[in-house]
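Have a look at the model below and let's ask how its labels are earned. Each answer sets a value against the rule behind the word.

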Amino acid sequence: MKINQNISAVIVNDHLLRNEFKLSESVKKLSSGVKFNSSKDSPSGVAISYKMQAQIDALGRASSNTTDGTSLVQTVDGSIGEMTEVLQRMRELCVQAGNDTNTPEDRAAVQKEIEELKKEINRISTDTEYNGMKLLDGSMDRRTYVTAEGQNGTESIFDQISNIIISDEVQAGTYRVSIDTPPTHTYCLANASGSAYTNGVVGAGQAGTVTINGVKAEIKAGMTPEEVFDTIRDAGKTACVNVFATNAGDVQQNPVPADRLDAQGYREDITYTPGTTNFLFVAERYGSQGDVEVTCSNGALGALLGIGGFTRVPGIDAEVELGNTQPDPNNPTGNIFVPYDEYTGQVSFMTSGDRVVITDKSGFEISFEVYGGMGASSEITIEATDIGTLQLQIGANEDQELAVRVPILNTRSLYIDDVDVTKKGGPDRGMAQLDNAISIVSAARAKMGAYENRLDYAKKGLDETEEDMTNALSNLADVDMAKEMTTYTNATVLTQASISVLAQANDLPQQVLSLLQG
């Protein structure tokens, strides 16, 4: 037996340390519930589990994002629903005003409610918010820009091309349009300036009726020039015709003056002066949308007012071409039309007054209004972008987004800002306008419903993916408690056994004393 080196104790101690380490690792796993308590346990496993945990956390956040997005869309849906109720009430009022049992005063009362309802539609448009963000005023609609080549290069011309509406099917890009001719209004200019009033008033033999588009203005004996003009002007308002006093030479030389004060351009600051100024009747609406027909029941009244005959100039709708025009190399004085790839062979357009609607296949549509005073042969570029839509992060990774487009909805974009049942044909025109507006709003609400459904499915998908990912991470990183408990028990028993054997090994040197004593 040797006493300098207790080999038995060394061997037992080595095994004890190994068992203690195994017991310690088992305790860590049992107390934490995971397999990897440090990177050295499994470098690749730790890296994979961290990435999976990041995905799980992101999926949970994306699921919450879809819930927030659904709340926003529901807010829009509710506001559009209220707007629909308002539009339906406006249409009902147009139907009511269309009955000839109503007096002009009755229609005026109906129009007052319509005007308030217009304000309510605009209020809904500007005041609908979510988390401080405007929803229906165009802030979340796709951005469009319109430019033209000017003296200083490319210039924005939103003041000349306005109310631009694009459908979802319009891809981001540039769309060129040549405005060959801007829209104009029909006008009738009295051929004469009339004569001075006898004793400053309408004579007994000069009384009669001036009819404008079927609306009568009763001119009575004893009326002053101011009263006559006001009566004819009021009848013109009902007939959708603006009435001016003007200098005939000015109108004939330049029917659209640069200092235009109304849609057509005729000045309102000229006072009606019998024998000096001429009556001028201008349709309120552009082109084929407006007309002017003026008659007089009394020849003496016509002579007094100078409206026995007229110079009539019909208005025209905006005339456009798609693409642009360039100099014709075969004809130095002419131009040729050059189409572009942004339109297909199925593209078509419609003009009505100052409104232009361009359509192509698969729901492609661009509509806008042309300013009547813009120059002829103007080439413009409409740039449609993907900027402006609400981007909902509905995935755990970059670019996993849902673009939510909330269109601008107000009286102008719905083309109902000029609904007026007090005017000639106003109720019928209002019904048609409101039918179109209800159709637009209904389509917008349907789109919100589609977004809601998609977000619901997206949330379900995210929640299910998060559950599957959590299960996968559990399989990778979570400790099997039953199995680990077996390891723990084994390590505990071996440790206790090692301690017992070590105690006996340490007693071996004591046995040498018995040999020395013997």
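What follows is a set of questions and answers on this predicted model.

Q: Why is Ser 367 called buried?
A: Ser 367 has a relative accessible area of 2%. Buried means under 20%, so Ser 367, at 2%, earns the word. Ser 367 is found in strand β19, residues 365–370.

Q: Which residues count as contacts of Ser 367, leaving aside its neighbours within four places in sequence?
A: Contact means heavy atoms within 4.5 Å. By that rule Ser 367 is in contact with Asn 163, Ile 164, Ile 165, Arg 355, Val 356, Val 357 and Tyr 415.

Q: What makes β5 and β17 edge strands?
A: The open sheet has four strands in the order β5-β19-β18-β17, with antiparallel pairing. Both β5 (161–166) and β17 (348–352) pair on one side only, and that makes them the edge strands. From one strand to the next, the twist averages 15°.

Q: How do you know that β17 and β18 pair?
A: Two strands pair if at least two bridges are found between them. Between β17 and β18 (residues 355–359) there are five bridges in the antiparallel sense, so the pair meets the rule. As one example, Phe 349 has Ile 358 in β18 as its bridge partner.

Q: What makes β11 a mostly covered strand?
A: Six of the six residues of β11 (278–283) are buried, and buried means a relative accessible area under 20%. Asn 278, Leu 280 and Val 282 point one way, while Phe 279, Phe 281 and Ala 283 point the other way, and all are buried. In a regular strand the side chains alternate between the two faces of the sheet.

Q: How do you know that β11 pairs with β7 and with β10?
A: The rule asks for at least two bridges. Three bridges join β7 to β11, which run antiparallel, and β10 (residues 241–246) pairs with β11 over six bridges, also antiparallel. Both counts satisfy the rule, so both are pairs. Leu 189 has Leu 280 as its bridge partner in β11. On the β10 side, Thr 246 stands opposite Asn 278, and Asn 242 has Val 282 as its bridge partner.

Q: Which strands are the edges of the sheet that holds β11, and what makes them edges?
A: This open sheet has four strands in the order β10-β11-β7-β13, and the pairing is antiparallel. The edge strands are β10 and β13 (310–313), since each pairs on one side only. The twist averages 15° from one strand to the next.

Q: How do you know that helix α4 packs on this sheet?
A: Helix α4 (residues 225–238) touches β10 and β11, and its direction makes about 150° with that of β10.

Q: Why are Asn 199 and Asp 399 called exposed?
A: Exposed means over 50% relative accessible area. Asn 199 has 76% and Asp 399 has 69%, so both pass the cut-off. Asn 199 sits in the loop between β7 (187–190) and β8 (208–212). The place of Asp 399 is in the loop between β21 (390–393) and β22 (401–404).

Q: What phi values do Asn 199 and Asp 399 have?
A: Asn 199 has a positive phi of about 60° although it is not a glycine. For Asp 399, not a glycine either, phi is positive at about 65°.

Q: Why is Ala 172 called partly exposed?
A: Its relative accessibility is 43%. Buried means under 20% and exposed over 50%, with partly exposed in between, so Ala 172 falls in the middle class. Ala 172 lies in the loop between β5 and β6 (173–181). Not counting residues up to four places away in sequence, Ala 172 touches Arg 142, Ala 384, Thr 385 and Asp 386.

Q: Which element supplies the largest share of the lining of the second largest pocket?
A: That element is α7, with six residues. The pocket has a volume of about 520 Å³. Of the 22 residues that line this pocket, the closest to its centre are Ile 165, Ile 166, Ser 167, Glu 365 and Ile 440. By class, the lining has ten nonpolar, five polar and seven charged residues.

Definitions and conventions:
Residues are numbered from 1 along each chain as its sequence is written. This is a predicted model: local features need pLDDT of at least 70, side-chain atom pairs count only at pLDDT 80 or more; totals for chains, interfaces and linings use all residues. Side-chain values use heavy atoms; hydrogens and water are left out. Helices (H or I, at least four residues) and strands (E, at least two) are DSSP runs, numbered from the N terminus. Axes are lines fitted to C-alpha atoms, for helices over the stretch in contact, and angles run from 0 to 180 degrees between N-to-C directions. Buried means under 20% relative accessible area, exposed over 50%, partly exposed in between (1.4 Å probe, protein chains only). On a 1 Å grid over the protein atoms alone, a cavity is a set of points where a 1.4 Å probe fits but cannot get out, and a pocket is an open set with protein on both sides within 12 Å along at least five of seven lines; lining residues have an atom within 4 Å of a point. Grid points are joined across faces, edges and corners, and a volume is the space filled by probe spheres set on the points. Ala, Val, Leu, Ile, Met, Phe, Trp, Tyr, Cys and Pro count as nonpolar, Asp, Glu, Lys and Arg as charged, and the others, Gly among them, as polar.
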